[in-house]
Amino acid sequence: MSNQQLTPLQCELREVLQQPGCPLCHLVARAEQTFLDSLTYERIIDVPTREALQQSRGMCARHARDWRALKGSALPIALVYHVGIKDLLRDTESEPGRGLFRKPVTGAQLAQQLDASVPCPVCQLGEQTAARYGGVLLDDINDAEVQAAL
């Protein structure tokens, strides 16, 4: 396949195939790092991003550590987790108006109530990236250039 016919995804995949290690892992790590960088500096004010972080109750432990390690991330982290803690406190309050006659909540019910409604947004991005580039790799697996790089 000549370079004029390659899509941007195919070009990126071929570039990463030249590096040692798993190409999909490299591409996922790059996408996740780019997301965390943009979250630190400008994406934190993006309403859909904030809502996704709220629904997921923040990030998983791995991505929270990665985000914390970035220079300049303290304020955005504080903003996200301030909202998250307020949501958790709200969700653990007794139901108003039920008084002494409210039904007791078990630990399992409380855990289910407090569980995130969606996975970590960075994990979701990683899965989407792996699926997208994995599809490109499968489509191009018989290409001579891809074969040579593998």
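## Starting with a helix

A helix here is a DSSP run of H or I with at least four residues, and helices are numbered from the N terminus. With that in hand, you can place S38: this residue lies in helix α2. Keep in mind that the whole thing is a predicted model.

S38 is tucked away from the surface: it counts as buried because its relative accessible area is 14%, and the cut-off is under 20%. What does S38 touch, leaving aside its neighbours within four places in sequence? The answer is R43 and I44.

## Helix α7 and its cover

Now jump along the chain to helix α7, which runs over residues 121–140 and has 20 residues. From its first C-alpha to its last, α7 reaches 29 Å, close to the 28 Å expected at 1.5 Å a residue.

Several α7 residues are buried, among them P121, V122, L125, Y133 and D140. Which helices help cover the buried residues of α7? The cover includes α1 (8–17), α2 (23–41), α3 (47–55), α4 (61–68) and α8 (144–149). So α2, the helix that holds S38, turns up here too.

## Looking for disulfides

A disulfide is a covalent bond between the sulfur atoms of two cysteines. How many turn up in a search of the whole structure? Zero.

Why does C25 not pair with C22? Their sulfurs are 3.3 Å apart, which is too far for a bond, because the cut-off is within 2.5 Å. C120 tells a similar story: its closest cysteine sulfur, in C123, is 3.9 Å away, so that pair is too far for a bond as well. C120 is also buried, with a relative accessible area of 7%.

Methods. Residues are numbered from 1 along each chain as its sequence is written. This is a predicted model: local features need pLDDT of at least 70, side-chain atom pairs count only at pLDDT 80 or more; totals for chains, interfaces and linings use all residues. Side-chain values use heavy atoms; hydrogens and water are left out. Buried means under 20% relative accessible area, exposed over 50%, partly exposed in between (1.4 Å probe, protein chains only). Helices (H or I, at least four residues) and strands (E, at least two) are DSSP runs, numbered from the N terminus. The expected span of a helix is 1.5 Å times one less than its number of residues. Contact means heavy atoms within 4.5 Å.
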